[in-house]
Amino acid sequence: MQSTMLAEVSVRGAGPVGCVLALLLHAAGRKVCLVEKKPAAAKTPFRPIALSHASRLILERAGAWHGLETTPIDRIHISQQGAFGRSCLSAADAGVPVLGYVVAYEALLRALLDHVREKRIPLEAGAGGASLVVHAEGSASGAEDRDYGQEAIVALVSTRPTATDTAWERFTPQGPLALLPLAGRYCLVWGMHPERARVLCDAPEAEFLQALAGAFGARAGAFIAVAERARAPLALRVRPSRVGEREAYIGNAAQSLHPVAGQGLNLGLRDAWDLAQVLREAQDPGEARVLQRYAAARRPDAMTTVRVTDFLARGFLGANPLAGLVRGFGLTALDICLPAKRFFARRMIYGTSALP
Ligand SMILES: Cc1cc2nc3c(=O)[nH]c(=O)nc-3n(C[C@H](O)[C@H](O)[C@H](O)COP(=O)(O)OP(=O)(O)OC[C@H]3O[C@@H](n4cnc5c(N)ncnc54)[C@H](O)[C@@H]3O)c2cc1C
């Protein structure tokens, strides 16, 4: 096992983004260590993750895709409650084999940590010295904030018929509602006012399912059971700079987003990929010029993804009929204009990055 003292790069935070960076750097022959404050046995609340096709490519290149239990998404249906207009994106529209893959955060993390141990990458509780410290702690300290005044209810929902390969995104006046297929059930991520989220999270099952059917309708089938209900706060946080003196920031430590478009981890994995490319040949990984190259490479992708996500989180709120009409035309236009659809879908999959 490599010793922390000899590490060139110390990655703080063994979440999915930190682990992937460590695996990519290890594969490139760099001496890397991981520092994690959470005990190995700590449980994480249920959280669904929709991985894009680009994230699959990154995980493959990190040697961590094979054996991961995922459910493919072949189609995404987007609609709004109380107004006309809908759009349907398919893998064929985007020119990719599969639009995305749903995995439970905990399963993904477990698999990544297994690979880290298998590769004998040091994983420790305390920080040692290194030429470069990469922050992957999952929260963007010193960041610019936007509180959406919302929480998300996260849960696993059973339907009749069972979930297959379609993901659903429905914008309601109170907040966005996503259903992502996972092993025959749907993962629900439902944004709303925090007080309503608290009430619904504790409500009897039948009452919860009735509220869900009221907001979503019947297009995914009948809601028959719910499990693993939890709440998550929703905010946008972006660090003004993703580099410092012998420091770099990746994943949620650089930016954390509203989950409406399922972009947070996908963007974080592209951070890890670009940083690994920049560090691959660098003589001194902590050198200012090297870190500036990383910051410049990430700027367009991060800025675009933050703006699109923020627009989707705020632009579809409220019950104003005129705004509903404009959004309806937007969704319909996206649905019938194939080049626009392909452009939008590929941007959500690859960002502006150079992958594949
Ligand atoms: C409800 C919900 C649904 C989501 N759905 C999606 C989705 O569909 N698709 C998507 O791409 N993204 C999604 N996201 C976002 C995604 O979960 C995050 O972007 C992702 O987890 C960020 O990964 P990370 O490794 O940067 O941070 P984290 O996952 O937060 O991991 C950070 C790690 O650092 C450790 N740590 C913290 N402080 C320290 C310290 N001082 N020293 C050492 N270690 C430390 C923590 O214990 C943790 O293990 C969703 C988020 C939410 C809330």
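**Exercise 1. Helix H1**

Task: In this predicted model, find which residues of H1 are buried, and work out what covers them.

Solution: Begin with the residues themselves: Pro16, Val17, Gly18, Cys19, Val20, Leu21, Ala22, Leu23, Leu24, Leu25 and His26 are buried in H1. A residue is called buried when 20 or more other C-beta atoms lie within 10 Å of its own, and 11 of the 12 residues of H1 are buried, so that the helix is mostly covered. Next, look at the surroundings, where the elements covering these buried residues include strand S1 (9–12), strand S2 (32–35), helix H2 (53–61), helix H4 (105–118), strand S9 (132–135) and H7. Finally, follow the chain past the end of the helix, where Gly29, just after H1, takes a positive phi of about 85°.

**Exercise 2. The span of H1**

Task: Work out what span the 12 residues of H1 should have at 1.5 Å a residue, and compare that span with the distance between the end C-alpha atoms.

Solution: The expected span is 1.5 Å times one less than the number of residues, and for the 12 residues of H1 this should give 16 Å. The end C-alpha atoms of H1 are 16 Å apart, which agrees with the expected span.

**Exercise 3. Strand S3**

Task: Decide which way each residue of S3 points, and identify how S3 and S7 pair.

Solution: Taking the side chains in turn, Pro48, Ala50 and Ser52 point one way from S3, whereas Ile49 and Leu51 point the other way, and all are buried. The strand, which runs over residues 48–52, is therefore mostly covered, with 5 of its 5 residues buried by the cut-off of 20 or more other C-beta atoms within 10 Å. For the pairing, S3 and strand S7 (residues 100–104) are joined in the antiparallel sense over 5 bridges, and Pro48 stands opposite Ala104 in S7.

**Exercise 4. The shell around the ligand**

Task: Find which residues come nearest to the ligand, and which element gives the largest share of the shell.

Solution: Among the 33 residues around the ligand, those that come nearest are Gly13, Gly15, Gly138, Gly251 and Gly264. The elements giving two or more residues to this shell are helix H1 (16–27), S3, strand S10 (144–160) and helix H7 (264–280). The largest share, 4 residues, comes from H7. Sorted by character, the residues of the shell divide into 16 nonpolar, 11 polar and 6 charged.

**Exercise 5. Backbone angles in the loops**

Task: Locate Arg120 and Arg246, and state what the phi of Arg120 and the phi of Arg246 are.

Solution: Recall that most residues other than glycine have a negative phi, and that most peptide bonds are trans. Arg120, in the loop between H4 and strand S8 (123–124), has a positive phi of about 60° although it is not a glycine. Arg120 is exposed, because 10 other C-beta atoms lie within 10 Å. Arg246, in the loop between strand S15 (243–244) and strand S16 (247–249), likewise is not a glycine and has a positive phi of about 55°. With 15 other C-beta atoms within 10 Å, Arg246 is partly exposed. As a last step, turn to the peptide bond from Arg160 to Pro161, which is cis with omega near 0°; Pro161 has its place in the loop between S10 and strand S11 (166–172).

Notes: Residues numbered from 1 in each chain as written. Predicted model: local features only at pLDDT ≥ 70, side-chain atom pairs only at ≥ 80, totals over all residues. Pairing = 2+ DSSP bridges. Near = placed C-beta within 6 Å. Nonpolar A, V, L, I, M, F, W, Y, C, P; charged D, E, K, R; others polar. Contact = placed C-beta atoms within 7 Å.
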